[in-house]
Amino acid sequence: MKMQKLTIADASLERSPGQQADISVGNLVDERHGGPVTIGYGRYAPGQSLTETMAVDDVMIVLEGRLSVSTEAGTVSAGPGEIVYMPKGETVTIRSHEEGAVTAYVTYPHWRPAHP
């Protein structure tokens, strides 16, 4: 795999697998590209929520809008330029605020095999 510059315009966003919420994701680097991690973008419509137990380690960078991420330990809110780390095995609830959100993410190992 060679060095690449990636933008959200390069992502083909699709509804997040297994979710009813209006949340779309698009992988730009993953096992299909020979990368050791999955890298992509996410778009959360306003007022959306999803709960899942993390199948991989996930780093989410908020680019636009605001999100809250809750676990048994508490809740953090993140806005543009802030990063949320969600470790494998932790159950999280991600909520978008009234303006929705755009994120970038990096997972290890690959995210897609964890979501057949």
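Below, a trainee and a mentor talk through a predicted model and the terms used to describe it.

Trainee: What should I keep in mind about this model before we start?

Mentor: This is a predicted model, in which local features need pLDDT of at least 70, side-chain atom pairs count only at pLDDT 80 or more, and totals for chains, interfaces and linings use all residues. Residues are numbered from 1 along each chain as its sequence is written, and side-chain values use heavy atoms, with hydrogens and water left out.

Trainee: How many helices and strands are there in the protein?

Mentor: The protein has 0 helices and 8 strands, and its pattern along the sequence reads β-β-β-β-β-β-β-β. Both terms refer to DSSP runs numbered from the N terminus: helices are H or I with at least four residues, strands are E with at least two.

Trainee: What makes the radius of gyration agree with that of a compact globule?

Mentor: The rule for a globule is 2.2 Å times the number of residues to the power 0.38, with the radius taken over C-alpha atoms. For 116 residues a compact globule would come out near 13 Å, and the protein has 13 Å, so the two agree. The C-alpha atoms fill a box of roughly 40 × 30 × 25 Å along the principal axes.

Trainee: Let's turn to strand S2. Why is Gly-26 called buried?

Mentor: Buried means under 20% relative accessible area, exposed means over 50%, and partly exposed is in between (1.4 Å probe, protein chains only). Gly-26 has 2% relative accessibility, so this residue counts as buried. Its place is in strand S2, residues 23-29.

Trainee: Which residues does Gly-26 touch, not counting those up to four places away in sequence?

Mentor: Contact means heavy atoms within 4.5 Å, and Gly-26 touches Ala-11, Ser-12, Leu-13, Ile-39, Gly-40, Tyr-41 and Tyr-105. Take Leu-13: it is 13 residues from Gly-26 in sequence, while their C-alpha atoms are 4.3 Å apart in space.

Trainee: Asn-27 is also in strand S2. Is Asn-27 buried or exposed?

Mentor: Asn-27 counts as buried, because its relative accessibility is 11%.

Trainee: What polar contact does the side chain of Asn-27 make with the side chain of Tyr-105?

Mentor: A polar contact is a pair of N or O atoms within 3.5 Å; within protein, one must be able to donate a hydrogen and the other to accept it, and residues adjacent in sequence count only if both atoms are side-chain atoms. The side chains of Asn-27 and Tyr-105 make one at 2.5 Å. The Asn-27 side chain makes another with the side chain of Asp-30, at 3.3 Å.

Trainee: Over in strand S5, why is Gly-65 called buried?

Mentor: Gly-65 has a relative accessible area of 18%, so this residue is buried. Strand S5 covers residues 57-71. Leaving aside neighbours within four places in sequence, Gly-65 is in contact with Ala-78, Gly-79, Pro-80, Glu-99, Gly-100 and Ala-101. Gly-65 and Asp-30 are 26 Å apart, C-alpha to C-alpha, and 35 residues apart in sequence.

Trainee: And what about Ser-70, also in strand S5?

Mentor: Ser-70 is buried because its relative accessible area is 15%. Its side chain is joined to that of Thr-75 by a polar contact of 2.7 Å. Beyond four places in sequence, the contacts of Ser-70 include Thr-91, Val-92 and Arg-95.

Trainee: Finally, what share of the residues of the protein count as buried?

Mentor: Of its 116 residues, 42% do. Among contacts between residues at least 6 apart in sequence, 64% join residues at least 24 apart.
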